[in-house]
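I opened the notebook today to go through one structure step by step, writing down each thing I looked up.

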Amino acid sequence: MTQIRTKIAGMGYYLPKNVVTNDDLAKVMETSDEWIKERTGIEERRYVTRFKDTPATMGAEAAKIAIERAGITKDDVDLIIFATLSADYFFPGGGVLVQRELGMGTIPALDVRNQCSGFIYSMTIADQFIRTGTYKNILVIGSESHSAGLDFSTRGRNVTVIFGDGAGAAIVQPTTEEGKGLLASNIHSDGRYAEKLAFMNPGSHSGVFTKDFSMYPTEEEEPYASLMITPKMMETGNYYPNMDGPFVFKNAVRRFPETIMESLTTAGYTIKDLDMLIPHQANLRIAQFVQKTLQLTDDQVYNNIQKYGNTTAASIPIALCEAWEQGKIKDGDLVCLAAFGSGFTWGSALFRW
Ligand code: UT7
């Protein structure tokens with residue numbers, strides 16, 4: 001029987017026009033171009049233009065390019081999978097906003113909340129629908145507008161300098177071409193470290209997991225759990241993302257090689273067979289560490305964090321599309337996408353192009 005696999009038929013990305021350099025950030029917080037470059041490799045990033053770009057609109061722009069390159073129309077798409085941590089609304093999710101932006105029919109729109117691993121999780125979900133023959137054209141999007149929720153005071157500098165905005169999209173389709181398409185993938189999580197990189201407040205946890213009940217009204221003041229921002233949160237500034245950077249770093253450099261090797265082994269390959277690794281663009285130092293651990297050459301790893309910062313769910317589709325546009329991914333290449341991030345969640349997807 002012919003085997004059906006998932007292939008990427010078209011890709012696109014959208015980056016907001018507003019370029020923000022390290023020196024621009026140094027004007028509003030205590031940081032420097034030297035520190036940011038040395039610790040992260042980042043030189044500049046893009047920020048959305050207010051009243052113009054949102055995760056949904058950027059995702060829709062990236063999707064238009066992916067749809068065109070796949071040689072289909074918006075009406076051929078039969079499922080949207082939308083990954084973001086910086087959604088336009090708390091609910092509904094961004095998938096339906098993309099569906100509206102693109103004027104699509106009443107197709108399903110699924111939202112994925114797996115942060116830096118969002119695109120890998122989305123791809124593995126898409127793969128199930130493709131291999132079972134349920135859908136023929138799935139639009140997978142990763143899109144982020146981090147700048148809308150960062151702390152631009154010195155207090156938030158360890159998080160803020162890393163992140164950037166942007167979107168990437170792919171159309172995935174079935175292929176029966178021998179040996180081509182998604183050969184292996186794996187996804188993982190470890191919720192023990194959920195708060196090590198998190199945006200918790202306001203949230204309906206009401207302090208249960210953080211044990212900081214003081215940020216929430218007492219039962220006498222407010223009998224119900226509240227999602228609202230409280231005066232105490234305002235006072236303490238406890239309504240921004242927080243990250244234990246060194247702890248995340250340590251786990252990332254362990255999980256990246258593990259997940260990459262897992263996909264390679266499942267598909268019957270070794271690291272020597274790999275033509276291109278597209279790592280989630282978390283920190284150039286993490287990518288370099290992984291490259292060294294796996295003994296890959298510079299030509300086998302694609303990085304663009306220098307220009308765009310860490311765009312979370314968008315970073316893999318942007319980097320993949322850019323590498324492909326530059327001719328660095330060719331027909332028949334073995335390409336691995338890999339991510340690690342908040343949750344913790346991580347995973348990889350291995351394609352024969
Ligand atoms: O994509 C999701 C996954 N996220 C990641 O993978 C991020 C992983 N972690 C990292 O990339 C790094 O831990 C960071 C880039 C966030 C931080 O780099 P680091 O080398 O781990 O620095 P650190 O947090 O240990 O801080 C070292 C020093 C501290 O000062 P003291 O205590 O030594 O005086 C920080 O306060 O650097 C200070 N610092 C800064 N200084 C200037 C932290 N952020 C900044 C900053 N500018 N932006």
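The entries below go from the domains to one sheet and then to single residues.

**Domains.** I began by noting that I am working with a predicted model. I looked up how the protein chain is divided, and found domain 1 at 5–175, domain 2 in two stretches, 181–194 and 243–352, and domain 3 at 200–239. I then checked how far apart domain 2 and domain 3 sit, and the answer for their C-alpha centres is 36 Å.

**The sheet.** I next followed an open sheet of four strands, whose order I wrote down as E8-E13-E12-E11, with mixed pairing. Which strands stand at the edges of this sheet? They are E8 (181–189) and E11 (276–279), and because each has a single partner strand, one side of each is left without a neighbour in the sheet. I also took the average turn between neighbouring strands here, which comes to 10 degrees when direction is ignored.

I then looked at the pairing of E11 with strand E12, residues 334–341, where the two run parallel and are joined by four bridges. Within this pairing I noted that Ile 278 stands opposite Leu 337 in E12. As a reminder to myself, strands of a sheet pair through backbone hydrogen bonds, in either a parallel or an antiparallel way.

**Cis peptide bonds.** I went on to the omega angles and recorded a cis peptide bond between Asn 201 and Pro 202, with omega at about 0 degrees. Pro 202 belongs to the loop that runs between strand E9 (197–198) and helix H7 (231–236). I also recorded that the bond from Gly 343 to Phe 344 is cis, its omega being near -15 degrees, and I placed Phe 344 in the loop between E12 and strand E13 (345–352).

**Positive phi.** Where does Lys 211 lie? I found Lys 211 in the loop between E9 and H7, and its phi is near 65 degrees, a positive value in a residue other than glycine. I then asked whether Lys 211 is buried or exposed. With exposed set at over 50%, Lys 211 counts as exposed, since its relative accessible area is 61%.

My last entry concerns Gln 295, which is not a glycine and yet has a positive phi of about 55 degrees. Gln 295 sits in the loop between helix H9 (284–293) and helix H10 (305–308), and I wrote down that Gln 295 also counts as exposed, at 72% relative accessibility.

Conventions. Residues numbered from 1 in each chain as written. Predicted model: local features only at pLDDT ≥ 70, side-chain atom pairs only at ≥ 80, totals over all residues. Heavy atoms only, no water. Domains from an automatic or database assignment. Pairing = 2+ DSSP bridges. Axes fitted to C-alpha atoms, helices over the stretch in contact; angles between N-to-C directions. Buried < 20%, exposed > 50% of the residue type's maximum accessible area, 1.4 Å probe, protein only.
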